[in-house]
Amino acid sequence: MQDIRLAIFDWDGTLMDSVGRIVACVQGAARDCGEAVPSAQQTHQIIGLSLAVGIPRLFTLQEGSERAQALIARYRHHYLHDDTPSPLFAGARELLHHWRESGIQLAVATGKSRQGLDRILDETGLRPLFAATCGADEAHSKPAPLMLTQILDELGLEPEQAVMIGDSIHDMGMAAALAMPRIGVTWGVHDRARLAQYEPVAIVDTMAELRQLLA
């Protein structure tokens, strides 16, 4: 992968260990709205999608319906106030700095809203490392590839010059739609077998393995 000029990261479950917090907030929203509370495993399946798509899918509701909008509003409330720890994964910060110093551009394509992404970029101090970022409310939800095409257009690159790195089949499917190289990581929501269905160039179990791929 020596011709790669851009590494595009998913955020939740890839760079940040925030899956537990997301599950807690979805479950809290369900309780607030009188809906059946989904299990952690059920909630994992929609992590990475935009709230507008993921919440209706999880609760079997029509997109844009009153019940779906109420759940989304309560999820956002819980996310602002929930105290479930969501640190960066060990080695993530060092990997980002290493690749950036090596001349590889960095970007983020996430299911977070722009507001949520901006907040977390500032809280972590990582904003200066990224040449481009795209949130879920600025493009169609994954696995549609619009997030990636917008980033590529902004930076003047072709799909084969970039790699998508993520923990979910939504990330892998988004990259596959553009024939963009993709790397799956197993420390997030989807396991090796599910990631492998999208024929990534690699699937890694540790941040150290990932770092070596673009050494």
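# Close-up views of a predicted model

Ala179 sits in the loop between α8 (169–176) and β5 (182–185). The model shown in every view is predicted.

**View 1. Ala179 has a positive phi in a loop.** Phi of Ala179 is near 55°, a positive value in a residue that is not glycine. Most residues other than glycine have a negative phi. Ala179 has a relative accessible area of 60%. The cut-off for exposed is over 50%, so Ala179 counts as exposed. Look for Ala179 in the stretch that links helix α8 to strand β5.

**View 2. Glu199 also has a positive phi, about 50°.** Glu199 is not a glycine either. This residue lies in the loop between α9 (192–196) and β6 (202–204). Buried or exposed? The relative accessibility of Glu199 is 64%, so Glu199 counts as exposed.

**View 3. A cis peptide bond joins Lys142 to Pro143.** Omega of this bond is near 10°. Most peptide bonds are trans. Pro143 belongs to the loop between β3 and α7. Pro145 lies in that loop too, between β3 (132–134) and α7 (146–155).

**View 4. Pro145 is partly exposed in its loop.** Its relative accessible area is 24%. Residues under 20% count as buried and those over 50% as exposed, so Pro145, at 24%, falls in between. Which residues does Pro145 touch, beyond those up to four places away in sequence? They are Met174, Ala177 and Leu178. Arg21 is 124 residues from Pro145 along the chain. The C-alpha atoms of Pro145 and Arg21 are 26 Å apart.

**View 5. Ser18 is buried in the loop before α1.** This loop runs between β1 (6–9) and α1 (19–33). The relative accessibility of Ser18 is 0%. Buried means under 20%, so Ser18 counts as buried. The side chain of Ser18 makes a polar contact with the side chain of Asp12, at 2.4 Å. What else is in contact with Ser18, leaving aside neighbours within four places in sequence? Besides Asp12, the list holds Gly13, Tyr79 and Ser86.

**View 6. Helices α1 and α4 cross at roughly 130°.** Their axes come within 8 Å. Angles over 115 and up to 145 degrees count as oblique, so α1 and α4 are oblique to each other. The crossing is right-handed. On the α1 side, the contact uses Arg21, Ile22, Cys25, Val26, Gly28, Ala29, Ala30, Asp32 and Cys33. On the α4 side, it uses Ala70, Leu71, Arg74, Tyr75, His78 and Tyr79. How do the residues of this contact divide? There are 10 nonpolar, two polar and three charged.

**View 7. Helices α3 and α4 pack at an angle of about 115°.** Helix α3 spans residues 51–59, and helix α4 spans residues 66–81. Their axes are 9 Å apart. That angle makes α3 roughly perpendicular to α4. This crossing is right-handed. From α3, the contact takes Leu51, Ala52, Ile55, Pro56 and Phe59. From α4, it takes Ala68, Leu71, Ile72, Tyr75 and Arg76. The residues divide into nine nonpolar, no polar and one charged. Look back at View 6: Leu71 and Tyr75 of α4 also meet α1.

**View 8. Leu106 is buried in strand β2.** The strand covers residues 105–109. The relative accessibility of Leu106 is 0%, so Leu106 counts as buried. Which residues are in contact with Leu106, leaving aside neighbours within four places in sequence? Among them are Leu6, Ala7 and Phe9. Leu96, Trp99 and Arg100 are also included. So too are Leu129, Phe130, Ala131 and Ala132. Ser50 is 56 residues from Leu106 along the chain. Their C-alpha atoms are separated by 21 Å.

**View 9. Asp191 is partly exposed in the loop between β5 and α9.** Its relative accessibility is 44%. That value lies between the 20% and 50% cut-offs, so Asp191 counts as partly exposed. Leu96 is 95 residues from Asp191 in sequence. In space, Asp191 and Leu96 are 23 Å apart, C-alpha to C-alpha.

Note on methods
Residues numbered from 1 in each chain as written. Predicted model: local features only at pLDDT ≥ 70, side-chain atom pairs only at ≥ 80, totals over all residues. Heavy atoms only, no water. Helix = DSSP H or I, 4+ residues; strand = E, 2+ residues; numbered from the N terminus. Buried < 20%, exposed > 50% of the residue type's maximum accessible area, 1.4 Å probe, protein only. Contact = heavy atoms within 4.5 Å. Axes fitted to C-alpha atoms, helices over the stretch in contact; angles between N-to-C directions. Parallel < 35°, antiparallel > 145°, perpendicular 65-115°, else oblique. Left-handed = near helix turned anticlockwise from the far one by under 90°. Nonpolar A, V, L, I, M, F, W, Y, C, P; charged D, E, K, R; others polar. Polar contact = N/O pair within 3.5 Å; in protein donor to acceptor, adjacent residues only side chain to side chain.
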